[in-house]
Amino acid sequence: MSLDVTLYRNYHISYDGGKTLEEKQEDVYSANITHNLGKMATEAGLYEALWRPYQLKEGYDISEDDYNAEYKFEGDNPVKAYEIIEKIEKGLEDMKARPKHYEKFNSSNGWGMYHNFVPWIEKYLKALKEYPESFVECDR
């Protein structure tokens with residue numbers, strides 16, 4: 001199982017000289033990583049920002065077992081890239097400052113390693129900064 005993240009943006013196109021506009025969606029970044037890194041992400045304060053960024057939105061107060069309410073909240077509260085940059089920067093900084101600590105959370109089966117996770121976060125953060133107005137989609 002893995003986490004798939006996608007950054008996308010909406011744009012408008014006209015096929016009749018601007019009389020009508022059709023909204024389209026364009027993916028600008030996508031990546032995936034194993035769920036085995038969830039504990040490491042949690043330790044770094046990154047889990048919500050990476051796996052469930054809508055939980056960082058104001059007004060999120062849903063019981064962890066109310067899946068329908070959570071799903072609805074996620075759909076009704078899209079997250080833009082700029083909203084999670086600071087949280088990811090902070091967690092990544094801590095991970096890079098204390099690699100030995102985070103290596104303790106490496107997956108015993110080799111699928112979910114610190115040395116793979118840090119570069120993955122760095123690339124994702126770069127994309128978030130490049131497309132700050134893009135929407136964040138996380139498929140778990």
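Helices here are DSSP runs of H or I with at least four residues, and strands are E runs of at least two, both numbered from the N terminus. By that count, the chain has 6 helices and 4 strands. Keep in mind as we go that this is a predicted model.

Let's walk along the sequence. The order of elements reads β-β-α-α-α-β-α-α-α-β, and the last helix, α6, covers residues 114-130. If you lay the chain out along its principal axes, the C-alpha atoms fill a box of roughly 60 × 35 × 25 Å.

How do the contacts split by sequence separation? Among contacts with a separation of 6 or more, 65% come from residues 24 or more positions apart. As for burial, 37% of the 140 residues count as buried.

Now the outside. The accessible surface comes to about 8800 Å², and carbon and sulfur atoms own 46% of that. On the charge side, there are 18 positive and 27 negative charges, and the mean positions of the two sets sit 6 Å apart.

The aromatic side chains deserve a slower look. A pair of aromatic rings is described by the distance of the centres and the angle of the planes. The structure holds 8 such aromatic pairs. Take Tyr54 and Tyr60: their ring centres are 5.8 Å apart with 70° between the planes, an edge-to-face arrangement. The label is edge-to-face because the angle between planes is over 60 degrees. Are these two residues buried or exposed? Tyr54 has a relative accessibility of 2%, so this residue counts as buried. Tyr60, at 18%, is buried too, because the cut-off is under 20%.

A second pair joins Trp120 and Tyr124, with 5.6 Å centre to centre and 40° between the planes, which makes the pair tilted. Where do these two residues lie? Both belong to helix α6, and they are 4 residues apart, about one turn of the helix. Trp120 has a relative accessible area of 9%, so Trp120 is buried. Tyr124 comes in at 0%, so Tyr124 is buried as well.

Which residues make up the aromatic cluster that includes Trp120 and Tyr124? Alongside those two, the cluster takes in Tyr29, Tyr47, Trp51 and Phe117. To find this cluster in the viewer, you can start from helix α6, which holds Trp120 and Tyr124, and then pick out Tyr29, Tyr47 and Trp51, which are also members.

Key:
Residues numbered from 1 in each chain as written. Predicted model: local features only at pLDDT ≥ 70, side-chain atom pairs only at ≥ 80, totals over all residues. Heavy atoms only, no water. Buried < 20%, exposed > 50% of the residue type's maximum accessible area, 1.4 Å probe, protein only. Contact = heavy atoms within 4.5 Å. Areas by Shrake-Rupley, 256 points an atom, 1.4 Å probe, with all protein chains shown as cover. Lys, Arg positive; Asp, Glu negative; His and termini not counted. Charge placed at Lys NZ, Arg CZ, Asp CG, Glu CD. Phe/Tyr/Trp six-rings, centres within 6.5 Å; stacked < 30°, edge-to-face > 60°.
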